[in-house]
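The following exercises concern a single protein chain. Each task is followed by a solution that proceeds step by step.

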Amino acid sequence: MDRGVVAGVGNIYANEALFMAGIHPLRAAGRISLKRYDVLAVEIKRVLQAAIESGGSTLRDFVNSDGKPGYFAFEHKVYGRDGQPCQSCGATLKLVRLGQRATVYCGQCQR
Ligand SMILES: [Zn+2]
């Protein structure tokens, strides 16, 4: 995952979008086809839309009227779920650190 590819997208949502697009987080950005970029772009929009609808209006540090971070209402498929089974295939989700960021992914669904 190249920082530039997901610039402006919070790490949580980047994790989710990569999972939805089926792109492995360690795949070099230059080796992702344009078609897959298109899928990723669509998934980022979809994930952000779902997050906004569930109560988060910013990508991080948002606190809703209940005093809880808005993103807690968003159902994560991979973020924070390392060691747990993938919701799509049942494989154990893995955690990889890229610089300061922790990315959780499924080695079966994301390539
Ligand atoms: Zn999977």
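**Exercise 1. Locate Val 47 and determine whether it is buried or exposed.**

Solution. Val 47 lies in helix α2. Its relative accessible area in this predicted model is 5%. The cut-off for a buried residue is under 20%, so Val 47 is buried. A further step is to look across to Ala 17: the two residues are 30 positions apart along the chain, yet their C-alpha atoms are separated by 6.3 Å. Val 47 and Ala 17 both belong to the contact between α1 and α2, which is the subject of the next exercise.

**Exercise 2. Describe how helices α1 and α2 pack against each other.**

Solution. Begin with the axes: those of α1 (residues 11–21) and α2 come within 8 Å and cross at roughly 130°. Angles from 65 to 115 degrees count as roughly perpendicular and those over 145 as roughly antiparallel; α1 is therefore oblique to α2. The crossing is right-handed. Next, list the participants. From α1, the contact is made by Tyr 13, Glu 16, Ala 17, Leu 18, Met 20 and Ala 21. From α2, the contributors are Val 39, Leu 40, Glu 43, Ile 44, Val 47, Leu 48 and Ala 51.

**Exercise 3. Establish how far α1 is enclosed, and which elements cover its buried residues.**

Solution. Ten of the eleven residues of α1 are buried, so the helix is largely enclosed by the rest of the structure. The buried residues are Asn 11, Ile 12, Tyr 13, Ala 14, Asn 15, Glu 16, Ala 17, Leu 18, Phe 19 and Ala 21. Their cover includes α2 and β2 (101–105). After α1 comes Gly 22, which has a positive phi, near 75°. For the chain as a whole, 36% of the 111 residues count as buried.

**Exercise 4. Find the salt bridge of the structure and explain the placement of its partners.**

Solution. The structure holds one salt bridge. It joins the side chains of Arg 46 and Glu 43, with an N to O distance of 3.1 Å. Both residues belong to helix α2, where they are three residues apart, which means about one helical turn. An α-helix has 3.6 residues a turn, so residues three or four places apart point the same way. Glu 43 is buried, at a relative accessible area of 9%, and is also among the α2 residues that contact α1.

**Exercise 5. Characterise the surroundings of Arg 81.**

Solution. Arg 81 is situated in the loop between α2 and β1. Its relative accessible area is 18%, and Arg 81 is therefore buried. Setting aside neighbours within four places in sequence, the contacts of Arg 81 are with His 76, Gln 87, Leu 93 and Val 104. The C-alpha atoms of Arg 81 and Thr 92 are 9.2 Å apart, at a separation of eleven residues along the chain.

**Exercise 6. Summarise the order of the elements and the confidence of the model.**

Solution. The chain has two helices and two strands, in the order α-α-β-β from the N terminus. Of the contacts with a separation of 6 or more, 50% are between residues 24 or more positions apart. The average pLDDT is 78, and 73% of the residues score at least 70. Among the elements, α2 (residues 34–53) has the lowest mean pLDDT, 85, and β1 (residues 94–98) the highest, 90. Over residues 3–8 the pLDDT is below 50, and this stretch has eight contacts beyond near neighbours in sequence. Residues 57–61 also have a pLDDT below 50, with eight such contacts.

Note on methods: Residues are numbered from 1 along each chain as its sequence is written. This is a predicted model: local features need pLDDT of at least 70, side-chain atom pairs count only at pLDDT 80 or more; totals for chains, interfaces and linings use all residues. Side-chain values use heavy atoms; hydrogens and water are left out. pLDDT is the predictor's confidence in each residue, from 0 to 100. Helices (H or I, at least four residues) and strands (E, at least two) are DSSP runs, numbered from the N terminus. Contact means heavy atoms within 4.5 Å. A salt bridge is a side-chain nitrogen of Lys or Arg within 4 Å of a carboxyl oxygen of Asp or Glu. Buried means under 20% relative accessible area, exposed over 50%, partly exposed in between (1.4 Å probe, protein chains only). Axes are lines fitted to C-alpha atoms, for helices over the stretch in contact, and angles run from 0 to 180 degrees between N-to-C directions. Angles under 35 degrees count as roughly parallel, over 145 as roughly antiparallel, 65 to 115 as roughly perpendicular and the rest as oblique. A crossing is left-handed if the near helix is turned anticlockwise from the far one by less than a right angle, and right-handed if clockwise.
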